[in-house]
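Please open the structure in your viewer and keep the sequence panel beside it. Each stop on this tour tells you what to select next and then what is there.

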Amino acid sequence: MPRDDDPEPRDRTGWQGLDEWRGDVGRRWAAASGTADAQFGWLSEATYRRLGPLGGTRVLDVGCGNGGTTRALARLSGRAGSVTGIDANAEVLAIAGGSAEATSSNGATITWLHGDAQTQPWPARHFDVVFSRLGTMFFEDAGAAFANLHRATRPGGRLAFTCWPAREHCPVLLVPLRALAGVVPLPPSAPAGSPNPFSLGDEADTMARLAAAGWRDVEVEHLHATLALPDALDDAVAHWLATIPVTLAVPHAEGSRRTAMAAALAAVVPADRRIDQRALLFTARA
Ligand SMILES: C[S@@+](CC[C@H](N)C(=O)[O-])C[C@H]1O[C@@H](n2cnc3c(N)ncnc32)[C@H](O)[C@@H]1O
């Protein structure tokens, strides 16, 4: 266990590749998973609206996390439909599959899969809809993943996923990140093409990757929302400390280091606790 006065964080990127989702990042995400639907509902609601009626469809939820969207998709596709939720992180998937709601008789049957959506040997031309909320930015090879998902989708089937825009348009991560930069050694920026929260934020590049993987009618829609941090300053700081990826660079930070990080974050919590945030909604047809 690193000591509190370690000059350097552990040797890690601080970003979110598959290994990290299978490890500490996933563990933290699982612990905070109760807030995912409240925080990110605006993304999935926009995606459902864009997809339109889903009754009777076979749906895949990529990087399904705690399964909030998977269960919503099961309700939307109804008893005649089926939904598969895949996630690389076993802990979060246990939360998803362990929920009593998962067996709701009002919706489609749900199959939970522990695996990598990029390499999973999906049945060919199986799904009508491939959906993801913030689960497609972490592929080791996005082109290979988009091609694998294309093979799994029936001709004419649809892809719809939301992701973060480029880093400079992502204050929900950038504001705390910049504040922490003065206090702890931050990991280097993720290299281009590597898995990280902003990896699909270059719209033209992502559209080109989707087209190269066989997807057609590729479109992108810009989404906007005002995100609310908890009212109490301490709660807002605690929320950031628990959820901002860069705090993973100092995963065992306690004592003085943690106090310094909390102070730096407290200084940039907006007075009205609100952050305007953008997101991208990509859609395409197989
Ligand atoms: C930011 S979380 C989003 C979770 C969920 N979609 C939500 O909106 O609440 C990203 C999720 O994608 C999963 N993930 C990342 N890469 C994956 C991959 N290659 N295959 C399957 N799941 C993956 C992570 O384990 C994590 O649960």
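Helices (H or I, at least four residues) and strands (E, at least two) are DSSP runs, numbered from the N terminus. The model is a predicted one, in which local features need pLDDT of at least 70 and side-chain atom pairs count only at pLDDT 80 or more, while totals for chains, interfaces and linings use all residues. Residues are numbered from 1 along each chain as its sequence is written, and side-chain values use heavy atoms, with hydrogens and water left out.

**Helix α4**

Select glycine 78 to begin, which comes just after α4 and takes a positive phi of about 75°. Now extend the selection back over helix α4 (residues 68-77), where eight of the 10 residues are buried, a word that stands for under 20% relative accessible area, with exposed meaning over 50% and partly exposed in between (1.4 Å probe, protein chains only). Among the buried residues are Arg71, Leu73 and Ser77. What covers the buried residues of α4, through contacts (heavy atoms within 4.5 Å), includes α3 (36-51), β1 (58-62) and α5 (90-98).

**Aspartate 87**

Next, select aspartate 87, which lies in strand β2 (residues 82-87). Is aspartate 87 buried or exposed? Aspartate 87 is buried, because its relative accessible area is 10%. Its side chain reaches the backbone nitrogen of cysteine 64 at 3.3 Å and the backbone nitrogen of asparagine 89 at 2.8 Å. If you leave out residues up to four places away in sequence, aspartate 87 also touches others, including Val92, Leu113 and His114.

**The largest nonpolar core**

Which residues touch the most other members of the largest nonpolar core? Select Phe146, Trp164 and Trp215, which do so among its 58 residues; a nonpolar core is a set of buried Ala, Val, Leu, Ile, Met, Phe, Trp, Tyr and Cys residues joined through side-chain atoms within 4.5 Å. Strand β7 (residues 274-285) gives the most to this core, with six residues. Another core lies apart from it and has 13 residues, among them Tyr48, Ile110 and Phe131.

**Aromatic pairs**

Finally, show the aromatic rings, since a search of the whole structure finds eight aromatic pairs. Select phenylalanine 139 and phenylalanine 146, an edge-to-face pair at 6.3 Å centre to centre with 85° between the planes. Rings of Phe, Tyr and Trp (its six-membered ring) pair if their centres lie within 6.5 Å, and planes under 30 degrees apart count as stacked, over 60 as edge-to-face and the rest as tilted. Add Phe161 and Phe282, and you see the cluster that ring pairs form with Phe139 and Phe146.

Methods
A polar contact is a pair of N or O atoms within 3.5 Å; within protein, one must be able to donate a hydrogen and the other to accept it, and residues adjacent in sequence count only if both atoms are side-chain atoms.
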